[in-house]
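Work through the following exercises with the model at hand. Each task is followed by a solution that goes step by step.

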Amino acid sequence: MTQATQAQPQADSQQLSAPQQQVLAQVASCYQIAETALGRSLPRPKVMFTLRGKSAGTAHLQENKLRFNPILLKENLQEFLNHVVAHEVCHLIAYRLYGRVKPHGKEWQSLMINIFGLTPSTTHQLNIDSVVGKQYPYQCLCGPVLLSVRRHNKIVRGQTQYQCRRCKTQLKAMPTPPQHNRL
């Protein structure tokens with residue numbers, strides 16, 4: 001193998017916590033496993049711990065970069081090591097091998113199953129209570145729906161409208177109860 005394939009993934013310049021160092025080691029391990037299985041070398045990605053919100057990780061294909069959510073990582077280290085890292089690594093490998101394909105398509109699924117022996121699930125089941133921001137109540141024919149601050153603000157500014165995925169009716173803001181000052 002070439003020197004580039006034996007190198008560790010590049011991390012951003014911030015000081016890394018112990019769980020973040022473990023994720024870096026797991027990324028390197030996933031690449032070694034994939035290279036052995038595929039019989040070819042792969043360039044290592046840049047790894048960052050700057051992802052916010054409800055996503056555990058994301059792969060930036062053209063940049064060869066992985067981003068992970070540091071809060072969810074801290075709360076769910078074992079799930080990151082067992083599944084999240086391989087999930088994101090497979091996105092980069094699928095792009096490297098096949099070009100632009102469906103994000104969770106047959107190529108990605110095949111890598112998850114055949115290289116890492118993992119069930120290819122598209123979303124995580126982590127508890128996201130600690131990373132969910134303020135939500136605003138909206139209504140459709142199906143019932144109440146909670147929208148994020150970002151989506152709520154887009155509606156308020158008149159930039160967009162959202163409709164329910166099930167009943168296809170436009171979401172309408174629900175009145176919020178008045179706040180009472182307590183003395």
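A pocket is here an open set of grid points with protein on both sides within 12 Å along at least five of seven lines, and a residue belongs to its lining if one of its atoms lies within 4 Å of a point. The model is predicted.

**Exercise 1.** Describe the second largest pocket and identify the helix that gives the most to its lining.

Solution. Begin with the volume, which is about 580 Å³ for the second largest pocket. Its lining has 27 residues, of which H87, E88, H91, H104 and T122 are the closest to the centre. Next, sort the lining by class, which yields 9 nonpolar, 13 polar and 5 charged residues. Finally, turn to the elements: β3 (57-60) and α4 (77-98) each supply at least two lining residues, and α4 gives the most, with 8 residues.

**Exercise 2.** Compare the end-to-end distance of α4 with its expected span, and locate its kink.

Solution. At 1.5 Å a residue, and with one less than the number of residues counted, the 22 residues of α4 should span 32 Å; the end C-alpha atoms are 30 Å apart, which agrees. The helix nevertheless contains a kink of about 40°, centred on H83. Just after α4, G99 takes a positive phi of about 80°.

**Exercise 3.** Characterise the largest pocket in the manner of Exercise 1.

Solution. The largest pocket holds about 860 Å³ of space. Among its 21 lining residues, K54, Q135, L147, S148 and R151 are the closest to the centre, while β6 (144-148) and α6 (149-156) are the elements that give two or more residues to the lining. By class, the lining divides into 9 nonpolar, 5 polar and 7 charged residues.

Definitions and conventions:
Residues numbered from 1 in each chain as written. Predicted model: local features only at pLDDT ≥ 70, side-chain atom pairs only at ≥ 80, totals over all residues. Heavy atoms only, no water. 1 Å grid on protein atoms, 1.4 Å probe; cavity = no way out; pocket = protein on both sides within 12 Å on 5 of 7 lines; lining within 4 Å. Points joined across faces, edges and corners; volume = space filled by probe spheres on them. Helix = DSSP H or I, 4+ residues; strand = E, 2+ residues; numbered from the N terminus. Nonpolar A, V, L, I, M, F, W, Y, C, P; charged D, E, K, R; others polar. Bend = angle between axes of the 7 residues up to and from the residue.
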